[in-house]
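Please follow this account of a strand, its neighbours and the helix that comes after it, with the sequence and the coordinates at hand.

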Amino acid sequence: MQTIAIYPGSFDPITKGHADLVKRSLSLFDKVIVAVSINHSKEPLFTFEERAELTRIVLSPFGSNIQVISFKGLLVDVAGQYGATGIIRGLRAVSDFDYEFQLAAMNRNLAPNIETIFLTPSEKYSFLSSSMIKEVASLGGDISKFVSPEVEKALVDKLRVNF
Ligand code: ADP
């Protein structure tokens, strides 16, 4: 039977840290559903359509083992719909732990049959976050090491409009 995991996030925008986690997830699961959240408490820079499209472009080299979807509502419900038995989340630093621990505990209460799996990225991406990328890009810094060329271009275009 095919093993399926779901990797949720805001992906605003997708970075090489996210992609690194997707690659690692594929060594554990046959298929990974990358779920771009539509409703998010953080005010996103990109619309959910833009975030999903960029995520699709960046992850296309992984082929059909990756499916990018957009979702709203409860993650565990979406996980159930797609037959996922694992939720992938990333841990970069201790600062991620508190929130991720609470989220995993809540998801376990809501769906005891789905396990959260925490993965750590390659050390070179361990400090990387979408918010850091947006900040550096808005100040004119070079982000080419941390995002794909498509994301870099999208950020430059978006920030030109916004500032
Ligand atoms: P959210 O708003 O749900 O945290 P993000 O897109 O910021 O959405 O992150 C989604 C998941 O990916 C989170 O578990 C986050 O810790 C993880 N993540 C983001 N960037 C990295 C990175 N550089 N290395 C490892 N995990 C990461």
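The paragraphs below begin with one strand and then turn to its partners and to a helix.

This is a predicted model, in which local features need pLDDT of at least 70 and side-chain atom pairs count only at pLDDT 80 or more, while totals for chains, interfaces and linings use all residues. Residues are numbered from 1 along each chain as its sequence is written, and side-chain values use heavy atoms, with hydrogens and water left out.

Helices (H or I, at least four residues) and strands (E, at least two) are DSSP runs, numbered from the N terminus. Strand E1 covers residues 4-9, and 6 of its 6 residues are buried, so the strand is largely enclosed by the rest of the structure. Buried means under 20% relative accessible area, exposed over 50%, and partly exposed in between, with a 1.4 Å probe and protein chains only. Ile 4, Ile 6 and Pro 8 lie on one covered side of E1, and Ala 5, Tyr 7 and Gly 9 on the other.

Two strands pair if DSSP finds at least two bridges between them. E1 pairs with strand E2 (residues 31-37) in the parallel sense over 6 bridges, with Ala 5 opposite Val 32. Between E1 and E2 the chain passes through helix H1 (residues 16-25), and this β-α-β crossover is right-handed; that is, with the strands pointing away from the viewer, the path from the first strand over the helix to the second runs clockwise. E1 also runs parallel to strand E4 (residues 86-90), joined by 2 bridges, and here Ile 6 stands opposite Ile 87.

H1 itself is mostly covered, with 7 of its 10 residues buried; among them are His 18, Leu 21 and Val 22.
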